[in-house]
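Let us walk through this protein step by step. Keep the sequence and the 3D view side by side.

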Amino acid sequence: MTRNDTRKSDDGDEQRTDGSGTTVSEPTARSDATSDSLLGDSFDVNSGSLPADADAVIETRGLDVFYDDVQALQNVDIQIPENGVTALIGPSGCGKSTFLRCINRMNDLIDAARVEGELRFEGKNVYDGDVDPVALRRKIGMVFQSPNPFPKSIRDNVAFGLQVQDKAVDVDETVHRALERAALLEEVEDQLDSSGLDLSGGQQQRLCIARAIAPDPDVLLMDEPASALDPIATSKIEDLIEDLAEEYTVIIVTHNMQQAARISDKTAVFLTGGELVEFGDTDKIFENPEHDRVEDYITGKFG
Ligand SMILES: Nc1ncnc2c1ncn2[C@@H]1O[C@H](COP(=O)(O)OP(=O)(O)OP(=O)(O)O)[C@@H](O)[C@H]1O
């Protein structure tokens with residue numbers, strides 16, 4: 001499938017490929033999610049044990065991920081604070097995208113994937129049986145490497161995630177606000193009924209960001225969101241990410257170390273074998289890392 005292909009799965013979800021070729025599903029309007037609670041009707045944020053660090057919005061303990069027999073992440077412990085930008089960096093195949101996809105359970109859609117250990121969002125293990133992944137993905141939105149608008153109008157693209165919500169929202173107002181927040185409104189205000197596919201690559205990516213923020217998430221996951229864009233479009237996306245980070249917790253995978261250094265507050269360095277080797281303030285990681293292996297990676301000695 002190309003990036004703009006969609007098809008219906010057996011249960012009616014729209015399936016498409018993300019930037020890495022992984023098939024992902026988007027919930028359709030017939031989703032069973034019927035409440036605006038964070039994670040479905042039975043979810044209580046305060047149930048289960050609270051995170052050790054009360055400021056952490058995402059916290060993992062002993063997180064292991066396997067694809068059949070191949071281990072992609074090893075015993076990852078991390079506490080990602082609220083708001084700001086956290087960058088995930090490391091050589092190809094070290095598990096950055098795998099980690100990102102664990103956070104909103106996108107790995108559920110990969111048959112071979114198996115997750116062990118704990119991953120908590122606001123204190124709740126997202127792999128608990130009572131968590132509704134569709135509701136989880138409304139609170140933890142995602143933007144992929146290649147812009148992937150649906151073959152629908154600009155308005156319908158942004159409104160898409162709202163259709164699964166039960167609460168009454170003013171769709172037009174929410175669409176306008178999300179487009180404004182994604183720094184796209186001025187450019188598309190007069191063409192909301194035109195296809196999202198007619199926009200430039202950079203505009204399409206901002207449309208996808210508007211779609212992700214329309215349901216009012218807490219966390220935005222971004223998997224190399226600018227790698228398919230030219231330098232000017234990249235710079236706009238970087239400015240937008242910094243702006244969004246005042247309101248959302250942004251977690252971004254990037255291969256571009258200058259980009260990580262420019263826009264992130266915290267950096268997590270994964271190395272071969274899916275090991276999280278160092279996590280801390282971006283300035284410290286880039287200027288004075290604790291680990292020689294991290295210094296070697298950052299200075300380009302390998303990877
Ligand atoms: N769908 C999948 N099925 C099987 N193995 C997978 C799948 N996705 C990833 N892997 C394997 O898991 C490991 C981690 O891959 P992942 O894509 O998470 O790394 P990455 O750091 O994001 O890589 P890159 O920077 O190249 O995108 C790799 O060995 C990869 O081959």
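We start with the whole chain, then turn to one strand and finally to the ligand.

This is a predicted model: local features need pLDDT of at least 70, side-chain atom pairs count only at pLDDT 80 or more, and totals for chains, interfaces and linings use all residues. Residues are numbered from 1 along each chain as its sequence is written.

The protein chain has 10 helices and 13 strands. These are DSSP runs, numbered from the N terminus: helices are H or I with at least four residues, strands are E with at least two. Of the 303 residues, 43% are buried. Buried means that 20 or more other C-beta atoms, placed from the backbone, lie within 10 Å of the residue's own.

Now find strand β11, residues 249-253. Here 5 of 5 residues are buried. Side chains in a regular strand alternate between the two faces of the sheet. On one side of β11 sit Thr249, Ile251 and Val253; on the other sit Val250 and Ile252. Both faces are covered.

Which strands pair with β11? Pairing requires at least two DSSP bridges between two strands. Strand β6 (residues 85-89) pairs with β11 in the parallel sense over 4 bridges. Ala87 stands opposite Ile252. Strand β10 (residues 219-223) is also parallel to β11, over 5 bridges. There, Leu221 stands opposite Ile251.

Last comes the ligand. Its shell holds 14 residues, and the closest are Tyr67, Ala72, Ser92, Ser97 and Thr98. A residue counts as near if its C-beta atom, placed from the backbone, lies within 6 Å. Helix α1 (96-103) gives the largest share, 3 residues.

Notes. A residue is buried if 20 or more other C-beta atoms lie within 10 Å of its own, exposed if 12 or fewer, and partly exposed in between; C-beta atoms are placed from the backbone.
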